[in-house]
Amino acid sequence: MTPAFEIDIADGLIDQPRRVRVLGLSPGVAHLTATLEHPDGSLWQSEASFEVAADGVLDIDAQVPLAGDWSELEALAPVWALRQLSPPRRPQASEGLDPLSIRLQIGDAAGGSASATLTQRFLAPGVSRREIRDEGLSATVFSPAGDGPHPLVIVLNGSGGGTPEQRAALYAAHGYAALALAFFKAPGRPEHISDTPLEYFEQALLWARRELQPRHGFIAVAGLSRGGELALLLGATFPELVSAVIGYVPSAVIHGTLRAGRPEQPRDADAWTWRGQPLRNVWRDNPAADWRAFDQPPEPGAAIRQAPAFVAVEAHAASVAAARIAVERIDGPILLISGTDDGFWPSSAYSERIQAELQAAGHAWPVSHARNEGAGHAIGFPCVPTTQIAKVHPVAGVLISGGGTPAANARANRESWQAVLKFLADALRARETQP
């Protein structure tokens, strides 16, 4: 027999699980290679060896490799185990919407071979994209196929800035209108997070309610990292405009500009303002602030694991209380997503504290915490490479370790995304049944 790949969904959305098998292999050891030539010009590859039985069938999703870049029984492991062999030549395309084509190749013990292509897409059929520059906003709207109105998710990036179009496109693929809202490092916006007025987000919420007319007035806000901090802050500041909050690896307190502020500013400068006044951050005039873990790698050339600095600053109770996000003001359900090995900041501890505070306050809405054991800071949507544990911060240019392992981060991506989709469906259903 001639070897041949059998892929149930060869071309589909990036978050779709796939089943990959190879038939007609000779018994013995077979070697599999996955290669991604990314639209940004970077090159990625993963490989593994498998023992093929007499039936000649290799089920990649159901068989642990003999050796290679993964040792877990995980769906689409050849994808999340992809390692970057060369850096991007066009970094501006790294977060773009172009489909990703992964080339799968296998060779068996008798010299037989086969290849196939697995295509991952961000845009579902019928989803439309429209850039928004109205009323000072910098955003992109993704609208699902079919007649509206649709419930809306506003999507926020973290301290890297920019416009989170990939995540917004995936929300639209699942039936939600999605507003990828930029607030710095984007067209028409400042280059840094410094002194960002909450009025900008209030304007975005009002614009979205008026222009997009979401179904049942449902507007969820979903933010990642500093965007998770911001999502909670927006829910607490504008409870009448925000129906639900999703905080990916969020903070329980307001932070300063940290690595994303203007170059001439100290790191404890103000990130957020409201009605012309800065919102107190936990670092400002905090005697417990210790920047050593924030600045110094464990050894020369290593990545900085900065989370200990965020733990140390919490020793001053008065500063923590002054910078606390008043989450009890949020008038809707909340989903918190964290990694127990978060190298950026202690997102699991933050999330546990938020949940405890809400329970103590008798919060009227469901509060869930998806606590991902062994995962780090880089939790997002599934079926993407998770091998870059340390990344250069896009504003500060500093190498930071996000924590976790490739397998744990891949599992967190998959499980948290399912939790998000269920959370939104439940939140929308609750909204629809309100009197």
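## Arg262 and its surroundings

Where in the chain is the place of Arg262? Arg262 sits in the loop between β17 and β18. The model discussed here is a predicted one.

With a relative accessibility of 32%, Arg262 is classed as partly exposed, because that class lies between the limits of 20% for buried and 50% for exposed. Once residues up to four places away in sequence are set aside, Arg262 touches His192, Ser194 and Asp195. With Asp195 there is a polar contact from side chain to side chain, at 3.1 Å. Ile193 is 69 residues from Arg262 along the chain, and the C-alpha atoms of these two residues are separated by 7.7 Å.

## The three-stranded sheet

An open sheet of 3 strands has the order β15-β18-β19, with mixed pairing. Its edge strands are β15 (196-197) and β19 (277-278), each of which pairs on one side only. β18 covers residues 272-274 and is joined to β19 by 2 bridges in the antiparallel sense. Helix α3, residues 198-212, packs on this sheet and touches β15 and β18. The direction of α3 makes about 70° with that of β18.

Thr273 is a residue of strand β18, and its bridge partner in β19 is Pro278. Is Thr273 buried or exposed? Thr273 has a relative accessible area of 12% and is therefore buried, the cut-off being under 20%. Leaving out neighbours within four places in sequence, the contacts of Thr273 are Asp195, Thr196, Pro197, Leu198, Glu199, Pro278 and Leu279. Asp195 is thus a residue on the contact list of Thr273 and also on that of Arg262.

## The eight-stranded sheet

A second open sheet, also of mixed pairing, is made of 8 strands in the order β11-β12-β14-β13-β16-β17-β20-β21. Why is one side of β11 and of β21 left without a neighbour in the sheet? β11 (128-132) and β21 (367-372) stand at the edges and each has a single partner strand, so one side of each has no neighbour in the sheet. Direction ignored, neighbouring strands of this sheet are turned by 15° against each other on average.

Strand β20, residues 334-339, runs parallel to β21, and 6 bridges join the two. Within this pair, Leu336 has His369 of β21 as its bridge partner. Helix α4 packs on the sheet and touches β13, β16, β17 and β20, its direction making about 150° with that of β16. Helix α2 (residues 165-173) lies across six strands: β11, β12 (139-143), β13 (152-156), β14 (177-181), β16 (219-224) and β17 (244-248). α2 runs at about 20° to β12.

## Helix α4

α4 spans residues 226-237, 12 residues in total. From its first C-alpha to its last the helix reaches 16 Å, close to the 16 Å expected at 1.5 Å a residue.

How many of the 12 residues of α4 are buried? The count is 11, and the helix is mostly covered. The buried residues include the charged-type names Arg226 and Glu229 as well as Leu230, Leu232, Leu233 and Leu234.

## Backbone features

Most residues other than glycine have a negative phi, and most peptide bonds are trans. The model has exceptions on both counts. Ser225, which is not a glycine, has a positive phi of about 60°. Ser225 lies in the loop between β16 and α4 and, at 6% relative accessibility, counts as buried. Val249 also has a positive phi, near 35°. Its place is the loop between β17 and β18, the loop that holds Arg262. Val249 is buried, with a relative accessible area of 0%.

The peptide bond between Gly148 and Pro149 is cis, with omega of about 0°. Pro149 is in the loop between β12 and β13.

## Annotated domain

An unreviewed UniProt entry carries the annotation "domain: BAAT/Acyl-CoA thioester hydrolase C-terminal", which covers residues 197-253 and 322-429. In the model, residues 197-253 are 47% helix and 21% strand, and the end C-alpha atoms of the span lie 17 Å apart. For residues 322-429 the content is 37% helix and 17% strand, with the end C-alpha atoms 36 Å apart.

Conventions. Residues are numbered from 1 along each chain as its sequence is written. This is a predicted model: local features need pLDDT of at least 70, side-chain atom pairs count only at pLDDT 80 or more; totals for chains, interfaces and linings use all residues. Side-chain values use heavy atoms; hydrogens and water are left out. UniProt positions are given in the numbering used here, feature names are shortened, and annotations may be inferred rather than shown by experiment. Helices (H or I, at least four residues) and strands (E, at least two) are DSSP runs, numbered from the N terminus. Two strands pair if DSSP finds at least two bridges between them. Contact means heavy atoms within 4.5 Å. Axes are lines fitted to C-alpha atoms, for helices over the stretch in contact, and angles run from 0 to 180 degrees between N-to-C directions. The expected span of a helix is 1.5 Å times one less than its number of residues. Buried means under 20% relative accessible area, exposed over 50%, partly exposed in between (1.4 Å probe, protein chains only). A polar contact is a pair of N or O atoms within 3.5 Å; within protein, one must be able to donate a hydrogen and the other to accept it, and residues adjacent in sequence count only if both atoms are side-chain atoms.
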